[in-house]
Every structure is written in structure tokens, then in C-alpha cells.
Amino acid sequence: MSALTDSPAWQALVAHRAIIGRQTMREMFRADPARFDKFSLRLDGLLLDYSKNLITAETLELLLKLARQAKVEAWVARMFGGEKINTSEGRAVLHTALRAPRGSRITVDGKDVVPEVHRVLDQMRRFSDGVRGGSLRGHTGKAFRDVVNIGIGGSALGPLMVSEALKPYGSAQLNMHFVSNVDATDLAETTKRLDPETTLFIVSSKTFTTQETLTNARSARAWLVDRLKSEEAVARHFAAISTNLAATSQFGINPGNVFEFWDWVGGRYSVWSAIGLPVALYIGMDNFERFLAGAHAMDRHFHETPLERNLPAIMGMLGIWYADFFGAASNAILPYDRYLQHFPAYLQQLEMESNGKRVDREGQEVDYATQMVVWGEPGTDGQHSFYQLLHQGTRLIPADFLAPVTSHNPMGDHHAMLLSNCFAQTEALMLGKTAEEARAELAAQGLTGLELEALLPCKVFPGNRPTNALLFDRLDPHTLGMLVALYEHKVFVQGVVLDINSFDQWGVELGKQLAGKLLPELLGNRPVSSHDASTNGLINHYLVASGKTGC
């Protein structure tokens, strides 16, 4: 056993799990009418209802003992203090500094980074105001009407998710496009809809060497130059988020249109930085700063609030409870707001790239579950798709339901109907339907005898399926900032407790390395035999089928 699984706090939870397994949430609610009040928290218009979880007051106490055993509060202080807690890369972890107010002081290696953050934010304001106001124009003097973000991973998912989520605040004069896949179809289908004279490209790559991003950027550059018949057009139609000024200059990008970010900003935590430039262009810099302010409000809450009332800490420990003590393998994210349609995909990277690890901070293989698979779709579409599995499948799948109190698009009874479905799903997952209830329901429908008995098992719902409900007044920039930061800090709590480094991602490297070796072989015309039989077969089939070799 590892030190963690052999620890008193862990073993106390193992014993408690056996007790909880004999109870149901139906019984818990029946025994305690004040359960909602005890297991819900509020912050700035955001409500977390975690009462529909397989917990009692004792469960929560034991989970927080595990958090304190791991010294979560000390680790929080270390992160906010700029210590290099990303030990495998020797870096600080300071996405929180990106939303710190002007005048704050946060140091890395003895240097206050807040002035640098706000220098870049000021640069973003000048650029976004210029594009939105029409003082920055294209090569032929026309105002920009389309913005194409070229990036991958956090450089794509973040701006895409936030731009879609905040569409009600977006400019009617700008159309946003996001190209991330190296599949040429992504760029080709995007450029079909564009006028080169009114298109601005933003290339997001810290080193300006990311293979997929640079391949798309070079093809976009060729498309622009071919249609405008001028290499000089690149300087007006391209901006970059990068630290490699030599490479961006060689590409032809005006140095004034290159935006910096720092090695203490991880890719999946970077939408708060210049990586968020497409968002600032779309919703305006005032709204982008409200987005940052929402995240900062959650930062303060996380940093200053005792664990018992700390939203990220509670959500993080509930995730560990299900993954490690109930064997849950996945977590569903179910937003009942169409504008949050990309939120599950964003969390997939945030959570699975952060905590999808098999070794602890000392490099020892762990003997406990780390990260659950994250997945989901907006309601109510998902109800007619995968909710069957949530209700009656053989696996326990904890789920987060997110919904706004007020819709941006009031229309008849639509929003009340949407929320009725959201609340009903959490109730149904908790209550289920007993055999006795199902029997009575079928009898009321006129079924009897063998017909009733045959259908009865299909009508039984086990219930006792855990959910969190996150309700917010309205999906605005401040609220979205709070939500994203909430999940960031949830991930951090889980990483600390599970003794893993949440801020590296070595697991993405091997495939990239092998792809680099394979590419010359796919571009060549000779059969290969240097790989395993399957990979050799795939490469050679491609070479023959594409007409590159007849052998």
C-alpha cells in the first residue's frame, strides 16, 4: 500500500464507505428536511447544491480530514505565493496572477509579475479597440469582419469555449472562427467562407514551433498571399501570441502585433492571458476584464475561505470520494445552457490533462484512482441520448448540472421547461423508482399478470446516483470567470490530495515524437519495415493506396 492509501484519513473513509453503502439518499432526505441548507453554498450569485450526494456530515468531515492531511491549505498558499510547485518542469503555477488586479504584488524569482501582466492586457486593449473601432484595418484598407484563431489544445479550446459562452456580448461586426485540427478540412472549410481583405488571423503558439499550429498558419498565410497578391499583407492580417519574436518576424508578423505570455502559464490555464485575445476582440476588453474579475473573485474565495465552505475544495473532495471509494470511472458535465456547449470539452482538457497521471510527485506508481473521464453535452439533447446510462446503467456516474436562472433569450415557456428538465433529472437520479412504485404505476395503466411482471424490471430505477447542481443568475462574463476558476481549483485540490503534479503533461509527448519519425516515411515512396507489423502495414497500405509506391 502507498503512504496515502495506508494513511489514517484514507482508511477512515474506507470504513465509512461501508456504512454509507447501506444508506440511500431517499432516506437521508427523509431523515433531515434541512439537508439542502446544510449541503449548499453561495458565492456572488452562484449556488452550489451538493445535497444530492452520497454523503452525511460525517462524510464531509472525513473528506476534509483527508484534504488537511495532504496540507491542501498550505499548497494553496504556495501556489498563490509563486512557488515552483510544477516540480517536473521547475515552474511556478500562476494563472491566478493573470486575473490579479492592477497594483497587486505576486513575485516569481523575486520579480513582481503583475505589472507585466497588465502591460500585456493594455496591449490587448489597444489592439482590440483598434480592430473593433476600425482604426486597425487590412492591407486594402477595409475593416476586419472575420477573426480566425489558429491554435491547438488550450490555445484553441479556451478561446472557443469562452467566445461561444459569451456570444450575447459579442460584436455583431465580427465573426469568430477557430482552426485547430491539422486535418486540412478544418482550415479549408473555414476559408471558404472568408474574404481575405477583411480577415484577421491570430496564431497562438508560445514557441511558434507547435507542428499542427504552424502547419495551419503557413497554409493560412499562403491562402492570404495568393489572394491578395502581396507578401506585405501578412503584417496587417496576422497577429501572434508567442515568445519567439525571431520566428514571428520571419513569418512576416508586425512585432507590434505579437503578444507575450510566460512559462508559468500552462496551456490549459492560458485563456486569461493573451491567448484570450480572440475573446477580447469579440466581446470587447471591458467584458474581458469582467471575465478576469469573476475568476479573481473565485481565487479569493478559494484562497481565503475555510475548507468547510470552500466551493472548489468541496467539489474536489467529492470527486475523490466517488473515484477512489466508489470506483466511478467517469464524470458527466451537463450544462442546461446552449451557450455552454463547449464547456464539457474544455473541462476534458483541464481535468484529464492535469490529473490523468499514474505516478506521484516522487515518480512512484500510484495504487489508487486518479482522474475520472470527463464527458457531457448540453441538456436537453443529452436526455434523449446518453441519460439512459446515467439512470439505469451498471456504472455509477456522478454528474454536474449547470443552469442559469435567467435566459439571454426569453421566449414563451422555454426557459421554465428547460429548468424543469434540469431539476427533474437531478431528482430522478437521486430518487429512482422502486419495484413497488413501478408496480403501482403499471397497475394504474391497466397492466396485470405476466404482462406486468415482464415489464416491471425495465421500469425500476435504482436511484442513489449523485449530482451537483450549479445555478447562476445569468451567464455573463463575471459568472463564466467564476465557473472556470472553480473547476481549475477543484483540479488543484484533487492533485494535491492524490500527490500528483497537475501542471505537467508528459503524456502528450510520445505520440508527437513518433509522429515526427513517421512523417518522412509517409511523405516518401518506399515501403517500410522498421516498426511493429501493424504500423508497418498501415504505412505501406497508405503508400500503395495513395499511389506513392506500387510495392
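The expected span of a helix is 1.5 Å times one less than its number of residues. In this predicted model, helix α20 covers residues 477-497, and its 21 residues should therefore span 30 Å. The C-alpha atoms at the two ends of α20 are 31 Å apart, which agrees with that expectation. The chain as a whole holds 22 helices and 13 strands.

**The whole chain**

- For 551 residues, a compact globule would have a radius of gyration near 24 Å, and the value of 26 Å for this chain agrees with that.
- Taken along the principal axes, the box filled by the C-alpha atoms is roughly 80 × 65 × 60 Å.
- Buried residues make up 54% of the 551 in the chain.
- Among contacts with a separation of 6 or more, 73% join residues that are 24 or more positions apart.
- The exposed area of the chain is about 24,000 Å², and 53% of this area comes from carbon and sulfur atoms.
- There are 60 negative and 53 positive side chains, and the centres of these two sets lie 3 Å apart.

**Helix α20**

- Of the 21 residues of α20, 20 are buried, so this helix is largely enclosed by the rest of the structure.
- After α20 comes D499, which has a positive phi near 60°.

**Helix α13 and two of its residues**

- Helix α13 runs over residues 285-304; at 1.5 Å a residue, its 20 residues should span 28 Å, and its end C-alpha atoms are 28 Å apart, which agrees.
- The buried residues of α13 include F288, F291, L292, F302 and D299.
- M285 lies in α13 and counts as buried because its relative accessibility is 1%, where the cut-off for buried is under 20%.
- Apart from neighbours within four places in sequence, M285 is in contact with L121, M124, R125, S128 and A280.
- From M285 to G412 there are 127 residues in sequence and 33 Å in space, C-alpha to C-alpha.
- H301 is also in α13, and its relative accessible area of 9% makes it buried.
- H301 touches L43, R309, N310, L311 and P312, when residues up to four places away in sequence are not counted.

**Helix α6 and two of its residues**

- S128 belongs to helix α6, which covers residues 114-133.
- With a relative accessible area of 0%, S128 is buried.
- Beyond its neighbours within four places in sequence, S128 is in contact with A280, L281 and M285; M285 is a residue of α13.
- E116 is another residue found in α6.
- The relative accessible area of E116 is 24%, so this residue is partly exposed; partly exposed residues fall between the under 20% of buried and the over 50% of exposed.
- E116 is in contact with K111, E260 and W262, leaving aside neighbours within four places in sequence.
- E116 and G138 are separated by 22 residues in sequence, and their C-alpha atoms are 29 Å apart in space.

**Backbone features in loops**

- Most residues other than glycine have a negative phi, and most peptide bonds are trans.
- D109 is not a glycine, yet its phi is positive, near 55°.
- The loop that holds D109 lies between β3 (107-108) and β4 (111-112).
- D109 counts as exposed because its relative accessibility is 63%, and the cut-off for exposed is over 50%.
- N464, which is not a glycine either, has a positive phi of about 60°.
- The place of N464 is in the loop between α19 (449-459) and β13 (467-472).
- The peptide bond from G379 to T380 is cis, with omega near 10°.
- T380 is in the loop between β11 (373-375) and α16 (387-392).

Note on methods:
Residues numbered from 1 in each chain as written. Predicted model: local features only at pLDDT ≥ 70, side-chain atom pairs only at ≥ 80, totals over all residues. Heavy atoms only, no water. Helix = DSSP H or I, 4+ residues; strand = E, 2+ residues; numbered from the N terminus. Buried < 20%, exposed > 50% of the residue type's maximum accessible area, 1.4 Å probe, protein only. Rg over C-alpha atoms; globule rule 2.2 N^0.38 Å. Contact = heavy atoms within 4.5 Å. Areas by Shrake-Rupley, 256 points an atom, 1.4 Å probe, with all protein chains shown as cover. Lys, Arg positive; Asp, Glu negative; His and termini not counted. Charge placed at Lys NZ, Arg CZ, Asp CG, Glu CD.
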